[in-house]
Amino acid sequence: MPWSEREFRRPRNAAALAEAIRGLTGPGRPLRLMEICGTHTMAIAKAGLRELLAPGVQLLSGPGCPVCVTPAGAIDGVLALSERPGLVIASYGDLLRVPGSVRGDTLLRRKALGAAVLTVYSPLEAVEAAAQDPGRDYVFLGVGFETTAPGTAACLLEAAARGLANFSVLCLLKRTEPALRALLAAPDLAVDGFLCPGHVAAVTGAEAFRFLPEEYGLPAVVSGFEAGDILYSVWRLARMHAARRPGLENEYTRLVRPQGNPAARAAVDRVFLPAASVWRGLGEIPASGYALRPEFAPWDAARKFGFAPGPGAEVPGCRCGAVLRGACAPRACPLFGRACTPADPVGPCMVSAEGACAAAYQYGAPTEAAAAHGG
Ligand code: SF4
């Protein structure tokens, strides 16, 4: 079933794909596939793919939401940093509503109480704001995966070129591969294949996911983000699983090349080194984050301000850590839809526009079956 780009978008072909997937999965234990990208999580929920493909396929959400995997201790440290006089925190909007260890204590709340917090849509906006306001220190919160790392690297190169002394980056960026390896080392994880994030692969290259079939014997498909992309990718995963021939396939060829984006990768390598990082739900994982290279020390907010993440703790009752490991469906959290809603979220998975709990709340079918199948 080799679909052209236009064909997989046709509704009748989507129905045929769903039928073909059912033919490959059959009764018995469902095929368990994990997506590791918040954009996939939202697209799956919005299109109702979880319900469409159950019971033969179980779609699990992994640690794919960048805001959600930022641990409570790091947020606590950021909140403490926001109290410093003369310092402005610049951040993407999603992070502003993420609580640390105390329910409701967020950058947004601190801003209402008088802290200087600036919402930006790109790191270069923060660089410009710092250049226009030399009397204050601007700290950009660098969060995200390989997708946002090049933009953060570019703003550090710009700040260094301009010799901006009042700009720095607090680097909370994450790397996907070490986290996937840590996830796969967990004894309770039962996954038959991975939907790999197309936009991460656009930077790293599809080949960055080859370790999944070669070292773990798991099929992997780099997927785009339309419902048709995801259905087609699930079919390709189901086909490899049924044939017991795990491999790496690239469904998102209209954007992703085998070696990714060389310019973006070069910018990241120029500025960052791999470093240990703490993930919500997964703990500290070697080489799963980025640290600024020594020559960029003047723009490293962690050094400049003695950033100290706290030990961090989940808000009592919140199961975000387990949700991020694919070990708990959002609806299986006792707080889901009761004490925790998008209007009054308890944990980051309900805060973020890419969080699994927010996706399940906004689009999921409110049934036990949805909970049993990852919804
Ligand atoms: Fe955390 Fe709320 Fe999700 Fe429960 S429903 S895991 S409290 S975000």
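Start by selecting R244, which sits in the loop between helix 12 and strand 9. You are looking at a predicted model, so treat each stop as a feature of that model. The backbone of R244 is worth a look: its phi is near 55°, a positive value in a residue that is not glycine. Now switch on the surface. R244 has 75% relative accessibility, so it counts as exposed.

**A second positive phi**

Next, select A287. This residue is found in strand 11, and here too phi is positive, about 60°, although A287 is not a glycine. Is A287 buried, exposed or partly exposed? Its relative accessible area is 31%, so A287 is partly exposed.

**The hairpin around strand 11**

While you are here, show strand 10 (residues 272-279) together with strand 11 (residues 283-292). The two pair in the antiparallel sense, over seven bridges. They form a hairpin with three residues between them. Click on G281 in the turn and you will find a positive phi of about 90°. Then go to F272, whose bridge partner in strand 11 is L292. As you look along the strands, keep a general point in mind: in a regular strand, side chains alternate between the two faces of the sheet.

Still in strand 11, what lies over the face of Y290? Select R175 and you have it, at 6.0 Å from the ring centre. A similar kind of arrangement can be seen at Y232, where R236 lies over the ring face at 5.2 Å from the centre.

**Into the nonpolar core**

Go back to F272 and hide the surface. The largest nonpolar core holds 101 residues, and F272 is one of those that touch the most other members, together with F167, F194 and F209. Select F194 to see what this looks like from one side chain. Leaving out residues up to four places away in sequence, F194 touches M34, I36, L180, L184, L212, L218, P219, A220, V221 and L237. Apart from that largest core lies another, of 21 residues, and A43, I44, L59 and W235 are among them.

**Aromatic pairs**

Now colour the aromatic rings. How many aromatic pairs does the structure hold? There are eight, and two of them make good stops.

For one, select Y92 and F140. Their rings are edge-to-face, 5.5 Å centre to centre with 90° between the planes. Y92 lies in the loop between strand 3 (87-91) and helix 6 (107-112), while F140 is in strand 5 (residues 137-142), so the pair ties together parts that are 48 residues apart in sequence. Both Y92 and F140 are buried.

For the other, select F225 and Y252. The ring centres of F225 and Y252 are 5.7 Å apart and the planes meet at 85°, so this pair is edge-to-face. It links distant parts of the chain, 27 residues apart: F225 is in the loop between strand 8 (220-223) and helix 12 (227-243), and Y252 is in the loop between strand 9 (248-250) and helix 13 (262-271). F225 and Y252 are both buried.

**Cysteines**

Select the cysteines next. The count comes to one disulfide. You will find it between C65 and C68, with the sulfur atoms 2.4 Å apart. Turn the view to look along the S-S bond of C65 and C68: the torsion is about 70°, so the disulfide is right-handed. C65 and C68 are both buried.

Why is C328 not bonded to C333? C333 has the closest cysteine sulfur to that of C328, but the distance is 6.1 Å, too far for a bond. C328 has a relative accessible area of 7%, so it is buried. Visit C318 as well: at 13% relative accessibility, C318 counts as buried.

**Helix 17 and its cover**

Move on to helix 17 (residues 356-363). Its buried residues include A356, C357, A358, A359 and A360. To see what covers the buried part of helix 17, show helix 2 (38-47), strand 2 (57-61), helix 15 (320-324) and helix 16 (348-351), which are among the covering elements.

**Last stop: a cis peptide bond**

Finish at P55, in the loop between helix 3 (49-53) and strand 2. Zoom in on the peptide bond from A54 to P55: this bond is cis, with omega near 5°.

How values were computed
Residues numbered from 1 in each chain as written. Predicted model: local features only at pLDDT ≥ 70, side-chain atom pairs only at ≥ 80, totals over all residues. Heavy atoms only, no water. Core = buried A, V, L, I, M, F, W, Y, C linked by side-chain atoms within 4.5 Å. Buried < 20%, exposed > 50% of the residue type's maximum accessible area, 1.4 Å probe, protein only. Contact = heavy atoms within 4.5 Å. Phe/Tyr/Trp six-rings, centres within 6.5 Å; stacked < 30°, edge-to-face > 60°. Helix = DSSP H or I, 4+ residues; strand = E, 2+ residues; numbered from the N terminus. Lys NZ or Arg CZ within 6 Å of the ring centre and 35° of its normal. Pairing = 2+ DSSP bridges. Disulfide = S-S within 2.5 Å.
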